[in-house]
Number of protein chains: 2
Amino acid sequence: MPKLGMPPLRRRALIDAAIMTIGERGTLDVTMSEIAGRAGVSSALAHHYFGAKDGLLQATMRHILSELNADVRKALATSRTARERVSAVIAVNFSATQFQPEIIAAWLAFYVEAQKSQPLRRLLRVYARRLHSNLMSGLTGLMPRPEAERVAEAIAALIDGLYIRRALKDGTPNATSAVALVEDYLETKLLQHKKPA
Amino acid sequence: MPKLGMPPLRRRALIDAAIMTIGERGTLDVTMSEIAGRAGVSSALAHHYFGAKDGLLQATMRHILSELNADVRKALATSRTARERVSAVIAVNFSATQFQPEIIAAWLAFYVEAQKSQPLRRLLRVYARRLHSNLMSGLTGLMPRPEAERVAEAIAALIDGLYIRRALKDGTPNATSAVALVEDYLETKLLQHKKPA
DNA sequence: TATTTTTTATTGACTGATCAATCAATAAAA
DNA sequence: TTTTATTGATTGATCAGTCAATAAAAAATA
């Protein structure tokens, strides 16, 4: 049985290799040998550490999720106002570390796999809930709660939508215009509450 | 060589079976035998008609796309005003024929496959362009063109985003709330142009 | 119309390739 | 000396794609 704690040297290398491979190929349909090869080890070792392929994929998803989460926390920590908090959450999703072709492709691939795999579905739901509550933490200070709920829902949909559309284009993702689009929506909504009809 | 025109009896059955199978399983990772079996024929026949698996998948995507397109045309035909045209396009995307679990799942699966397959990517780009221009056909009558571009972009992202998020939940999709969300965005934007800041 | 010929529809059985997963063996640490 | 790390080789399953054979339709011919 693989040691889970101490020196996750190879574990980490395998997860990184998995992200790269999945991202490049745009699918979870990559072989264990391919991933292992890129990590400089044999496929047998990958099985040794992660049990089955599922295990590696889940660990990989968990890793992406926790990186995103760490980034969000960091960004929220330096935000003072409610308004800033919302923008911080948005910004992180399109930051240089997150909005990369490989990561975007991997996200998309995991979304699809989640339809087959219950553990992955669970992970993605955790992410969705977390995103929602992070957005709410700012939005509730800016508008009535039921409206905040709807806006959070919309922002989340926009983010996912921009990711999926981004995956279809080639070249470097344009984070700036993506953020601008979401911010424009938010700004419009806020205006609506400052000068009510 | 398969006859392309006349009695697309089996062709159609195979495409329908493909949609069902892909939709249920939420992945393009379905076997030719599975699809063929559901259509009540042998897998060899599927190859006879579509050449390779790719061929069947592309035909399936094309079919979904053309159904959607037909629905949009129909809806646009009965729309009088620019405002109605925009709503019509939105409504069709969440109509009973389109916003079904199987179709949604299939869309998502095709999106991912498009990262590998150039023909599928091309098809999805055609769809994206078409959606954009359909939205613009209404929006240009309601706001200045550059703003209309941005709003069309946002609506498209919202639609894709709502699809992808929908795919993660179970149960019947809630089209009503999805439409409401997009319409709310549109309405907010329109208000902004009626009473400018 | 009846008969022959050609084309199309359809299948079961087979092949070759690909891969996840296992395992026994060895090296290295603890 | 026991546990952990690591591998090459192997196995078993799964599938896409092929093919030769047969049935059924359609077209051509008598």
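This report walks through the protein surface around DNA strand D and then the aromatic pairs, all in a predicted model.

## Who sits around DNA strand D

Let's start with the DNA. In this model, 14 residues surround DNA strand D. The closest come from both chains: Arg10(A) and Ser42(A) on one side of the list, and Thr31(B), Met32(B) and Lys53(B) on the other.

If you sort that surface by residue class, you get eight nonpolar residues, four polar ones and just two that are charged. As for what the protein meets on the strand, sugar or phosphate accounts for 71% of the strand D atoms within 4 Å of the protein, and bases make up the rest.

## Contacts to the phosphates

Some polar contacts to the backbone of the strand are worth pulling up on screen. The side chain of Tyr49(A) puts an N or O atom 3.1 Å from a phosphate oxygen of DNA strand D. Over on chain B, His47(B) also uses a side-chain N or O atom, here 3.4 Å from a phosphate oxygen. Lys53(B) does it with its backbone: a polar backbone atom of this residue lies 2.7 Å from a phosphate oxygen of the strand.

In terms of secondary structure, two elements give two or more residues to the surface near DNA strand D, namely α3 (43-50) of chain A and α3 (43-50) of chain B. Of the elements involved, α3(A) has the largest share, with four residues.

## Aromatic pairs

Now for the rings. Counting over all chains, the structure holds twelve aromatic pairs. Take Phe94(A) and Tyr163(A): their ring centres are 6.0 Å apart and their planes sit at 40 degrees, so this pair counts as tilted. The two residues are 69 apart along the chain, with Phe94(A) in the loop between α5 (82-93) and α6 (101-113) of chain A, and Tyr163(A) in helix α8 (residues 145-168) of chain A. Both Phe94(A) and Tyr163(A) are buried.

Chain B offers another tilted pair, Trp107(B) with Tyr127(B), at 4.7 Å centre to centre and 55 degrees between the planes. Here the pair links helix α6 (residues 101-113) of chain B, which holds Trp107(B), to helix α7 (residues 118-139) of chain B, which holds Tyr127(B); the residues are 20 apart. Trp107(B) and Tyr127(B) are buried too.

## A ring cluster in chain A

Back in chain A, Phe94(A) and Tyr163(A) belong to a wider group. Ring pairs join them with Phe99(A), Trp107(A), Tyr111(A) and Tyr127(A) into a cluster.

Key:
Residues are numbered from 1 along each chain as its sequence is written. Chains are lettered from A and ligands numbered from 1 in the order in which they are written. This is a predicted model: local features need pLDDT of at least 70, side-chain atom pairs count only at pLDDT 80 or more; totals for chains, interfaces and linings use all residues. Side-chain values use heavy atoms; hydrogens and water are left out. A residue is near a molecule or strand if one of its heavy atoms lies within 4 Å of it. A polar contact is a pair of N or O atoms within 3.5 Å; within protein, one must be able to donate a hydrogen and the other to accept it, and residues adjacent in sequence count only if both atoms are side-chain atoms. Ala, Val, Leu, Ile, Met, Phe, Trp, Tyr, Cys and Pro count as nonpolar, Asp, Glu, Lys and Arg as charged, and the others, Gly among them, as polar. Rings of Phe, Tyr and Trp (its six-membered ring) pair if their centres lie within 6.5 Å; planes under 30 degrees apart count as stacked, over 60 as edge-to-face and the rest as tilted. Buried means under 20% relative accessible area, exposed over 50%, partly exposed in between (1.4 Å probe, protein chains only).
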